[in-house]
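Here is a walk through the inside of a protein, looking at its hollows, its rings and its charged pairs. Keep the structure open beside you as you read.

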Amino acid sequence: MTGLTAESTPLRDASEVADYARRCFRPAAEDHVGVELEFLIFDRTDPAAQVPLARAERAVPAPLPGGSRVTFEPGGQLELSGPAGPLPDAVAALAADVAVVRDALKAAGLALGGVGLDPVRPARRQLHLPRYDAMAEFLGRPYGQLMMCSTASIQVNVDLGERPAARWERAHTLGPMLLAAFANSPLRAGRPCGWMSGRQEVWSHLDPTRTAPVPASGDPAADWAEYLLDARLMLVREDDERYLPVRDGSTFRDWLREGNQGGRRPTAQDLAYHATTIFPPVRPRGWLEIRYLDAQQPAAWPVCVAVTHALITDDRAGDTAMAAAQPFVGAESWRIAARCGLTDPRLRQVAEAGFRAALEALPRLGAGPGLTGAVAAFADRYVTTGRSPAADLMDLTPGPRVPAWLNDEGPR
């Protein structure tokens, strides 16, 4: 995504940041979806115990049949990044890999935790790479530590299509409804945290210059350029092993004007790296990264992917959902969605319209009866009842019942 000038040549001015931003919104002829799944890993016999990263690494087989890439997050969360493709192909390939990993972990006494925020364990970092060290220092405690070590998400990557601005707008306007429909992190330290998406609440306490939604003026590329310029610098990369934390609160715009980081001006490579340290709910990278969705149970994540992809990429479905969502647009809608989920009647109404539109769109996108049926079942179980998946976790009862976040086989 650089390619603006020689990567080591200093940027002249903000116009080159604008050039970079425009490249992030190039139209695309294809309509593929890519999925990145994060899971917390638990010991099946002792859910409150920390699982050493080495134990999880030993249990995960490689290579995986669907071609997913396996990585681990700072707290030991497992991430599976599936190959992009048409919706049914991408879901099928990643589902095969999830099944293999789930079975391998089960044989090792471990479970994939389908929840967006660790319900019982304190945050503890297990990976100490230089980038993570600098990030931890910048973000601070407790929320930076929680985000890095105790949260898990589903990231849905969608192509920009022929009208990138329309998909950008849908991804934001429909974001609160999708966040609420798939809110799945209401517990922390074994108790309700007061939010249906406690994961989103954690994110709301981090540096807003890099986590708030990108403001909208009608020109997505210009808005993204301004966001990049005004985001605080987290760290400056010197090489693969050295990262300089930036502690003075300066922004990329400051660095571009004053050249005061490491005694040099920023390059195209610095700009591209700066973009990887910025985490708005939707991030453009030549495609759209949808970053606001809580992790789901292994049996439920395809529903989240299918609905999100359908409403953003299918024009008929997207227009229907957008019309329903228009009365509930605004910065406060994100907070309401995270706190209330579908118990908010306005969000429930938007979700009902959105899920109906998605179900009509899925056959047009190549989805078979299995995936479409799973979406319909999810809508019946949650949307029509005004109940987010978080409610399943809130209904936990003491006794021998398997905790909901360890139930990696599907609904009970």
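A cavity, as the word is used here, is a set of grid points where a 1.4 Å probe fits but cannot get out. The model you are looking at is a predicted one. With that rule, the model has three cavities of 30 Å³ or more.

**The largest cavity**

Let's begin with the largest cavity, whose volume is about 130 Å³. Its lining is made up of 18 residues, and those that lie nearest the centre are Gln 50, Gly 75, Gly 76, Arg 121 and Gln 126. Three elements each give two or more residues to this lining: β1 (33-43), α2 (53-59) and α5 (143-150). What kinds of residue make up the lining? Nine are nonpolar, six are polar and three are charged.

Arg 121 deserves a second look. Besides being among the residues nearest the centre of the largest cavity, Arg 121 has its charged end over the ring of Phe 42, 4.0 Å from the ring's centre. You can find a similar arrangement elsewhere: Arg 339 lies over the face of Trp 195, at 4.1 Å from the ring centre.

**Rings that meet rings**

Now for the aromatic side chains, which form ten pairs in this structure. Take Trp 224 and Tyr 227: their ring centres are 5.8 Å apart and their planes are at 20°, so this pair counts as stacked. The cut-off behind that step is that planes under 30 degrees apart count as stacked. Where in the fold are Trp 224 and Tyr 227? Both belong to helix α10 (residues 220-230), and they are three residues apart, about one turn of the helix. Trp 224 is buried, with 0% relative accessible area, and Tyr 227 is buried as well, at 7%.

Ring pairs can also join up into a group. Phe 182, Phe 355, Phe 378 and Tyr 382 are linked in this way into a cluster.

**Charges that meet charges**

Across the whole structure there are 25 salt bridges. Here are three of them, with the separation of the N and O atoms.

| Acidic residue | Basic residue | N to O distance |
|---|---|---|
| Asp 294 | Arg 199 | 3.7 Å |
| Asp 230 | Arg 253 | 3.0 Å |
| Glu 289 | Arg 285 | 3.0 Å |

In the salt bridge between Asp 294 and Arg 199, Asp 294 comes from strand β11 (residues 288-294) and Arg 199 from helix α8 (residues 198-204), so the pair ties together parts that are 95 residues apart in sequence. Are these two partners buried or exposed? Asp 294 is buried at 2% relative accessible area, and Arg 199 is buried at 3%.

The salt bridge of Arg 253 and Asp 230 brings us back to helix α10, where Asp 230 lies, while Arg 253 is in helix α11 (residues 252-258); the pair therefore ties together parts that are 23 residues apart in sequence. Arg 253 is buried, with a relative accessibility of 16%, whereas Asp 230 is partly exposed at 39%.

Glu 289 and Arg 285 form the third pair in the table. Glu 289 is buried, at 2% relative accessible area, but Arg 285 is partly exposed at 33%.

Finally, which residues are joined into one network by salt bridges that share partners? They are Arg 163, Arg 170, Asp 315 and Asp 319.

Terms used: Residues numbered from 1 in each chain as written. Predicted model: local features only at pLDDT ≥ 70, side-chain atom pairs only at ≥ 80, totals over all residues. Heavy atoms only, no water. 1 Å grid on protein atoms, 1.4 Å probe; cavity = no way out; pocket = protein on both sides within 12 Å on 5 of 7 lines; lining within 4 Å. Points joined across faces, edges and corners; volume = space filled by probe spheres on them. Helix = DSSP H or I, 4+ residues; strand = E, 2+ residues; numbered from the N terminus. Nonpolar A, V, L, I, M, F, W, Y, C, P; charged D, E, K, R; others polar. Phe/Tyr/Trp six-rings, centres within 6.5 Å; stacked < 30°, edge-to-face > 60°. Buried < 20%, exposed > 50% of the residue type's maximum accessible area, 1.4 Å probe, protein only. Lys NZ or Arg CZ within 6 Å of the ring centre and 35° of its normal. Salt bridge = Lys/Arg side-chain N within 4 Å of Asp/Glu carboxyl O.
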